[in-house]
Amino acid sequence: RKTEGEVGALLRIFSWEEVPSRGRVLDLCCGIGRHSLLLAERDYQVVGVDLSPVLIGRARELARSRGLEDKAEFIEGDMREIGEVLNDYAGSFNAIINMNTSFGYYGEQEDEEVLRELSELSAPEGVFVIDLGNRDGIIRHFLSRDVQETAEGMIKVTTRTLNLEHSRIENIYEYYEKTGETLRRSAGVKIDHRLYALHELIELVEKQGWKYTRSFGGFGLEPCTIDSNRIILVAKKATQR
């Protein structure tokens, strides 16, 4: 249901930005293809790219099970080499999406290079939609630690640290199995990434061949404010002068 709402918002954005029906869409960092497959069911030609062979394998399985192999192609590849990975698709994507804060995990130079290569993959008037955590909202409502129960019944403990000098956030995720009143730690992972404020993200995309058009603070497509947890930024490929 969450994914359906997100794809519904994407379809509204595509309509506003005049993405052609049955156009070609790149889902960068597609994971298991949650968004890709729903877009393919709506007759878009989707190419999903992800670094993980496990996730790409699962995305292909799901495409086969839904009879979408002719509309959804999944390719293993590193976003930092996206131009080379999708060399045969240069200038062909009517829309490019990057969802669920899948950006900013390397350096700012790498971020700029990815955006430049995506611009080269875009068709004329192509649309770019990126969904990230909002630096301003995260800082304003910073939560250093929280505990959640996952759908699988695991206990997930998240610890966060902010580095304001470099605008990066470190997240430590620890997972515990629950047996009665006892918790047993089963896994842990540490991830850090660059946080962007809206004005920084606009400047970043416009330096790399895109023209900012609009932004939102969530998939309800409400305005992005200092209290918004997310930024959904929309841009179009800049016309050549």
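Four strands form an open sheet in the order β6-β7-β8-β9, with antiparallel pairing, where two strands count as paired if DSSP finds at least two bridges between them and strands are DSSP runs of E with at least two residues, numbered from the N terminus. The structure is a predicted model, in which local features need pLDDT of at least 70 and side-chain atom pairs count only at pLDDT 80 or more, whereas totals for chains, interfaces and linings use all residues. Residues are numbered from 1 along each chain as its sequence is written, and side-chain values use heavy atoms, with hydrogens and water left out.

The edges of the sheet are β6 (145-149) and β9 (182-194), each of which pairs on one side only. Between β6 and β7 (residues 155-163), the antiparallel pairing extends over five bridges, and V147 has V157 in β7 as its bridge partner.

The largest nonpolar core, a set of buried Ala, Val, Leu, Ile, Met, Phe, Trp, Tyr and Cys residues joined through side-chain atoms within 4.5 Å, contains 30 residues, of which F14, L39, F74 and V129 touch the most other members; buried denotes under 20% relative accessible area, computed with a 1.4 Å probe on protein chains only. Among the elements that give two or more residues to this core are α1 (2-16), α2 (34-41) and β5 (122-133), helices being DSSP runs of H or I with at least four residues. The largest share, five residues, comes from α1.

With neighbours within four places in sequence left aside, L39 is in contact (heavy atoms within 4.5 Å) with V7, L11, F14, V25, Y44, V46 and I97. A second, separate core of 29 residues includes I75, M79, F93 and W210.

Technical notes: Buried means under 20% relative accessible area, exposed over 50%, partly exposed in between (1.4 Å probe, protein chains only).
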